[in-house]
Amino acid sequence: MVKNIPGLNEMTIYALSSGPGISGVAVIRVSGKDTAKVIKILTGGSRLPPPRVATLKKFNKNGQKNLIDEGVIIWFPAPNSYTGEDLAEFHV
């Protein structure tokens, strides 16, 4: 579950979606009610990326200016997602 981020619902979950081991790209899925908040916090943005469009973004540490990585995010708003809930994939 997403923890240590004030104001987020504890039922918003995240998990590694790509296989274990060494790889060039890891895919992390976030699913649940507060997925949109997670996207905004990590990208430092006020707008969500367009639904179902791979979008290049910079990922920051908990909404700060400290750059963690740059990668692709794909936003799947409910109910049109694998889980039926709001879902995002971070390809880093």
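1. In this predicted model, Gly84 touches Ala78 and Pro79, leaving aside residues up to four places away in sequence. Gly84 sits in the loop between E4 and E5. Is Gly84 buried or exposed, or does it fall in between? Its relative accessibility is 35%, so Gly84 counts as partly exposed. The C-alpha atom of Gly84 is 9.0 Å from that of Ser31, although the two residues are 53 residues apart along the chain.

2. The strands on either side of that loop belong to an open sheet of five strands. The order across the sheet is E1-E2-E5-E4-E3, and the pairing is antiparallel. Strands E1 and E3 (55–60) are the edge strands, each pairing on one side only. From one strand to the next, the twist averages 30°. A student tracing the sheet on screen should follow this order rather than the numbering, since E2 is followed by E5 in the sheet order.

3. How many bridges join E1 to E2? There are four, and E1 (residues 13–16) runs antiparallel to E2. Two residue pairs can be looked up here. Tyr14 has Val30 in E2 as its bridge partner, and Leu16 stands opposite Ile28 in E2.

4. On the next step of the sheet, E2 and E5 are joined by five bridges and also run antiparallel. Ile28 appears again at this point: its bridge partner in E5 is Phe90. Ile28 can therefore be followed in both directions, to Leu16 and to Phe90 in E5, bearing in mind that a regular strand has side chains that alternate between the two faces of the sheet.

5. E2 and E5 are also linked by a salt bridge. Glu89 forms it with Arg29, and the closest N and O atoms are 2.9 Å apart. Glu89 lies in strand E5 (residues 87–91) and Arg29 in strand E2 (residues 27–31), so the pair, 60 residues apart, links distant parts of the chain. Which of the two partners is buried? Glu89 is, because its relative accessibility is 12%, under the 20% cut-off. Arg29, at 27%, counts as partly exposed.

6. The count of salt bridges comes to two. The other pair is Asp34 and Lys37, whose side chains meet at 3.7 Å, N to O. Asp34 is buried, with a relative accessible area of 5%. Lys37 is partly exposed, with a relative accessible area of 40%.

7. Which residues make up the largest nonpolar core? There are nine: Val30, Ala36, Val38, Ile39, Phe59, Ile73, Trp75, Ala88 and Phe90. Helix H1 (35–43), strand E4 (67–76) and E5 each give two or more residues to this core. The largest share, three residues, comes from H1. As a general point, nonpolar side chains in soluble globular proteins tend to be buried together.

8. The placement of H1 is worth checking alongside that core. H1 lies across E2, E3, E4 and E5, and runs at about 75° to E3. Ala36, a member of the core, touches Leu48 and Trp75, not counting residues up to four places away in sequence. Trp75 is a core member as well. Val30 and Phe90 are also in the core; Val30 is the bridge partner of Tyr14, and Phe90 is the bridge partner of Ile28.

Technical notes: Residues numbered from 1 in each chain as written. Predicted model: local features only at pLDDT ≥ 70, side-chain atom pairs only at ≥ 80, totals over all residues. Heavy atoms only, no water. Salt bridge = Lys/Arg side-chain N within 4 Å of Asp/Glu carboxyl O. Buried < 20%, exposed > 50% of the residue type's maximum accessible area, 1.4 Å probe, protein only. Pairing = 2+ DSSP bridges. Core = buried A, V, L, I, M, F, W, Y, C linked by side-chain atoms within 4.5 Å. Contact = heavy atoms within 4.5 Å. Axes fitted to C-alpha atoms, helices over the stretch in contact; angles between N-to-C directions.
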